Amino acid sequence: MGTEALTRLAEEHVDHRFKGLPPDAYGLTVAELAAQRRNLFREADGFTTPVLALSAERLEHNLALMETYTTRHGLAFAPHGKTSMAPQLFQRQIEHGAWGITLAVPHQVRVARAFGIRRVFLANELVDAPALRWIAAELAADPDFRFVAYVDSVRGVELMDAALRGAARPVDVVIELGAGDGARTGVRTEAEAGQVAAAVAAVPTLRLVGVAGYEGEVPEADPERVRAYLRRLVALAAGLDRAGRFGEADEIVVSAGGSAWFDAVADVFADVPGLSRPVLKLLRSGAYVSHDDGHYRRLTPFGRVPEEGALEPAFRLWAQVVSRPTAEQAFANAGKRDAAYDLDLPAAQVVRRDGEERPAAGITVTGLSDQHTWLRTDPGADVEVGDWIGFGLSHPCTSFDKWQLIPVAEADGTVVDYIRTFF
């Protein structure tokens, strides 16, 4: 890991860039502020609203649970880093057994490399010539750097080859199999996959090492449709292997897995047939790291296999009631700049007043403005200007990206760390 780069994060100074942090912390390093173990809820400690916090205990629980799950099912794990774009969390995921980190675009790869990530799986076809030349330079400079990217077209192979001419090492690629008609990227047929494989074999700059896909894009997904797609993905790997298309590969990569169907991935990948060389069964789920109180709480595979454990929502957004214009309405000072809202609105969970916390009974979020949360209050709802309200969020990917420095708080509110993001 890039320990020096991570150390430099702790040496960064707290200033106006970082929302919600104590004004009197201005000029301290992040490490100095963390060492003070200030409390999120103690007024004298100075946190201002809105402020997003991660639960220290739940974060560790989720990291450990997925380590246990993937080990139990014989899966390698490259969690999708686009969820958090937080190198400190990348490090913890690696420490919890991750093979590497999945990413989506060149900027994200540059962040990962700046912090010493040695294995990157790019879940996208990369045809940007400057980015490919940078990847080639990274591979040439670091013999331990492993990089794998998608291909899903002959044209893409041609563009990659043109950009990589003269590269010291070939770029490893996997053929992406689309999840069905109307789905997102990926070849639609096995015949197209064969054409792409032939194109890769014809150029010295690329090396075909496997197949990959994303079952979350299966149209009208249900357990049978998802498993059928995953079996098709496995069969594609076997067919390409029989055709000798993995001739230069040390192992064959078979990869899938978002955060909604990784139980199906585990089931189907358990039956991968014997191939001509070792198989790397690579899962890529990313949202697990913080989980959520909405979309992924409803979709998590652990709801279908409760004996395997349960992820815990680790985010809570704290905002303050700044207006109570009528008995039926209140407004808090967090909005679209602070909270995920692309899948679900935030959900009011708890209210804090004078050091006491209680359930947010009778309080419903009805909308978000840029800087306000619209609250409907039922008759008898106990809400006053000045109250802190803790909100659960839906969709980790659009929660992390609104905050550059996120406090990590223990259950009593003691802040023990700060997570830096790079979006």
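Let's start with how the chain folds back on itself: among contacts in the protein chain with a separation of 6 or more, 70% join residues 24 or more positions apart. Keep in mind that this is a predicted model.

**The whole chain**

The protein chain holds 12 helices and 18 strands. Its radius of gyration comes out at 23 Å, close to the 22 Å that the globule rule gives for 423 residues, so the chain is as compact as a globular protein of that length. If you lay the C-alpha trace along its principal axes, it spans about 70 × 45 × 35 Å. As for what is tucked away, 56% of the 423 residues count as buried.

**Helix H6 and its two partners**

Helix H6 is a handy place to look next, and it covers residues 129–141. Two packed helices are described by the angle between their axes and the distance between the axes. Here is how H6 packs with H5 and with H7:

| Helix pair | Angle | Distance between axes |
|---|---|---|
| H5 (residues 106–114) and H6 | about 25° | 11 Å |
| H6 (residues 129–141) and H7 (residues 154–164) | about 55° | 9 Å |

Take H5 and H6 to begin with. Their angle of about 25° is under the 35 degrees cut-off, so H5 is roughly parallel to H6. The crossing of H5 with H6 is left-handed. On the H5 side, the residues that meet H6 are Pro-106, Val-109, Arg-110 and Arg-113, and they face Ala-131, Trp-134, Ile-135 and Glu-138 in H6. Sorted by class, this contact has 5 nonpolar and 3 charged residues, with no polar ones.

Now for H6 and H7. These helices are oblique to each other, and their crossing is right-handed. H6 brings Ala-129, Leu-132, Arg-133 and Ala-136 to the contact, while H7 brings Leu-159, Met-160, Ala-163 and Leu-164. By class, that contact of H6 with H7 has 7 nonpolar residues, 1 charged residue and no polar ones.

**Three residues in loops**

What surrounds a loop residue can be quite telling, so here are three to find in the structure.

Val-218 sits in the loop between strand E7 (206–212) and helix H9 (223–242). Is Val-218 buried or exposed? With a relative accessibility of 7%, Val-218 counts as buried. Setting aside neighbours within four places in sequence, Val-218 is in contact with Ala-179, Arg-225, Val-226 and Tyr-229. You can also look for Asp-181: it is 37 residues from Val-218 along the chain, and their C-alpha atoms are separated by 8.7 Å.

Next up is Ser-290, in the loop between strand E9 (279–283) and helix H11 (295–299). Ser-290 has a relative accessible area of 0%, so it is buried. Which residues does Ser-290 touch, not counting those up to four places away in sequence? They are Leu-54, Asn-62, Glu-312, Pro-313, Ala-314, Phe-315, Pro-396 and Phe-400.

Last comes Gln-36, in the loop between helix H2 (30–35) and strand E1 (51–55). Gln-36 has a relative accessible area of 40%, and that makes it partly exposed. For a sense of distance across the model, try Gln-36 and Ala-228: they are 192 residues apart in sequence, and in space they are 53 Å apart, C-alpha to C-alpha.

Terms used: Residues numbered from 1 in each chain as written. Predicted model: local features only at pLDDT ≥ 70, side-chain atom pairs only at ≥ 80, totals over all residues. Heavy atoms only, no water. Axes fitted to C-alpha atoms, helices over the stretch in contact; angles between N-to-C directions. Helix = DSSP H or I, 4+ residues; strand = E, 2+ residues; numbered from the N terminus. Parallel < 35°, antiparallel > 145°, perpendicular 65-115°, else oblique. Left-handed = near helix turned anticlockwise from the far one by under 90°. Contact = heavy atoms within 4.5 Å. Nonpolar A, V, L, I, M, F, W, Y, C, P; charged D, E, K, R; others polar. Rg over C-alpha atoms; globule rule 2.2 N^0.38 Å. Buried < 20%, exposed > 50% of the residue type's maximum accessible area, 1.4 Å probe, protein only.
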